[in-house]
Amino acid sequence: MKTLLLLLALAITARATEVRIEAVPEGGVQPQVAVDSTGATHLIYLKGDPKGCDVRYVRRAKGARDWSTPLSVNNEPKSAVALGTIRGAQIALGKAGSVHVAWNGTPKAGTVVSPLFYSRLETPSGRFAPQRNLLGATFGLDGGASVAANERGEVFILWHGKRNGDTGDETSRVVFMVKSTDNGATFAAPAVTNADFAGVCACCSLKVLSAPDGSLVTLYRAAREKSQRDMTLLTSANGGATFTHATLHPWSVSMCPMSSATLLPTTKGVRAAWETSGKIFSTLLTSPTTPPAAISADKAKHPSLAVNSRGETLVAWVIGTGWAKGGELEWTILDAAGQPTAQRGKSGGVPAWSYVAAYAEPSGDFVVLR
């Protein structure tokens with residue numbers, strides 16, 4: 001009997017990790033997920049006209065298959081943008097599981113200025129607070145903003161744009177940050193994080209993470225020269241007071257690839273994934289001495305990451321998407337040592353203006369939303 005139980009346990013342990021593909025609720029696009037300390041999954045996505053759509057929020061309890069009734073994050077209808085795929089909403093979980101969302105807003109009629117909107121889920125009411133524009137005196141918001149939060153009640157929103165009075169091109173763009181120390185109730189004025197390293201690819205989004213070690217980590221695509229689009233790492237060890245920068249992966253190209261990047265905390269450090277030359281790359285930021293080998297074929301964009309309880313990492317991305325054009329999703333699983341395994345998959349059905357999001361279930365299996 002003991003032998004039989006041991007064999008059954010080994011068989012369960014040795015089974016291949018499953019990857020389940022799901023459609024985003026309501027036919028939404030540009031999904032973003034975050035999993036809280038209880039195992040619940042929080043999902044945001046865009047719904048409606050790509051030129052003026054709504055940010056929607058749903059929640060799925062640990063181990064459940066059903067999503068909650070959708071809530072609108074934005075109280076001003078049609079005030080989000082899906083065009084270009086890189087301007088959608090971003091989510092972060094903060095103090096006591098609080099939900100924070102930031103997104104590029106729709107320019108008001110007769111203007112070309114895109115606002116930078118933020119809202120948080122209000123615990124007593126169960127609704128999102130009225131959206132606020134945090135752009136301040138900056139302008140030129142294009143590539144999507146990103147939000148990070150932590151249990152200390154700090155909330156950070158980063159984006160790239162131009163300083164007041166700047167008439168230069170993208171080689172003078174900078175990364176801005178606003179910070180809250182009261183869990184999003186108030187924010188300080190925008191501050192420049194890379195004044196000594198200006199130049200940001202105008203139509204590429206960035207990604208920020210408040211890491212478990214207390215550091216603030218940001219990935220963005222630089223454009224210090226028009227022929228250079230290096231993936232760049234911006235790090236602060238003191239809560240955003242000062243920053244250091246490093247080139248993570250060079251790319252010499254004289255165009256904007258309209259790309260995105262992602263960051264994921266793991267027990268071994270922060271894992272990053274990004275696109276260079278139409279391929280997806282991923283590495284732990286603890287020792288990015290040399291760029292890793294590509295883990296995708298060509299025409300790959302918009303990576304997503306998830307890690308399970310066994311230390312396996314799922315990397316998912318889209319293939320063949322473009323302006324107003326849908327495509328396919330592809331994925332692969334990295335083992336606990338970060339090496340690619342034979343587990344790979346592909347599925348169609350990625351809508352126009354969209355990408356995928358992934359998370360791990362308590363069983364260790366993965367879910368990919370498209």
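## A guided tour, beginning at strand β27

Select Val19 and Phe366: the latter, in β27, is the bridge partner of Val19. The model is predicted, so local features need pLDDT of at least 70, side-chain atom pairs count only at pLDDT 80 or more, and totals for chains, interfaces and linings use all residues. Residues are numbered from 1 along each chain as its sequence is written, and side-chain values use heavy atoms, with hydrogens and water left out.

**The sheet around β1**

Extend the selection to β1 and to β27 (residues 366-369), which run parallel and are joined by four bridges. Strands here are DSSP runs (E, at least two residues), helices likewise (H or I, at least four), numbered from the N terminus; two strands pair if DSSP finds at least two bridges between them. Adding β26 completes an open sheet of three strands in the order β1-β27-β26, with mixed pairing. β1 (19-22) and β26 (357-360) are the edge strands; each has a single partner, so one side of each lacks a neighbour in the sheet. On average, neighbouring strands of this sheet are turned by 20° against each other, direction ignored (axes are lines fitted to C-alpha atoms, for helices over the stretch in contact, and angles between N-to-C directions run from 0 to 180 degrees).

**Thr17**

Next, select Thr17, in the loop between α1 (2-14) and β1. Thr17 has a relative accessible area of 5% and is therefore buried (under 20%; exposed is over 50%, partly exposed in between, with a 1.4 Å probe and protein chains only). Leaving aside neighbours within four places in sequence, its contacts (heavy atoms within 4.5 Å) include Asn308, Arg310, Ile333, Gln343 and Phe366. Show the side chains of Thr17 and Glu312, which make a polar contact at 2.6 Å. Such a contact is a pair of N or O atoms within 3.5 Å; within protein, one must be able to donate a hydrogen and the other to accept it, and residues adjacent in sequence count only if both atoms are side-chain atoms.

**Ser236**

Measure from the C-alpha atom of Thr17 to that of Ser215: they are 32 Å apart, with the two positions 198 residues apart along the chain. Ser215 is one of the residues touched by Ser236, along with Leu216, Ala241, Thr242 and Phe243, not counting residues up to four places away in sequence. Ser236 is found in β17 (residues 231-236) and, at 0% relative accessibility, counts as buried. Its side chain has a polar atom 2.8 Å from the backbone nitrogen of Gly240, and the Ser236 side chain also reaches the backbone oxygen of Thr242 at 2.8 Å.

**The β2-β3 hairpin and the cores**

Move to β2 and β3, which form a hairpin with five residues between them; in the turn, Gly39 has a positive phi of about 95°. The two strands run antiparallel, joined by five bridges, and Val35 has Thr41 in β3 as its bridge partner. Five of the seven residues of β2 are buried.

Now select Leu46, Val55, Val101 and Trp103, which touch the most other members of the largest nonpolar core, a set of 19 residues. A nonpolar core consists of buried Ala, Val, Leu, Ile, Met, Phe, Trp, Tyr and Cys residues joined through side-chain atoms within 4.5 Å. At least two of its residues come from each of β2 (29-35), β3 (41-49), β4 (52-60), β6 (90-93) and β7 (99-104). A second, separate core has 18 residues, among them Ala102, Leu135, Leu141 and Ile157.

**Confidence**

Finally, colour by pLDDT, the predictor's confidence in each residue from 0 to 100. The protein has a mean of 94, and 95% of its residues reach 70 or more. Over residues 6-12, pLDDT stays under 50, and the model has zero contacts for them beyond four places in sequence. Where pLDDT is low, the predicted coordinates should not be read in detail.
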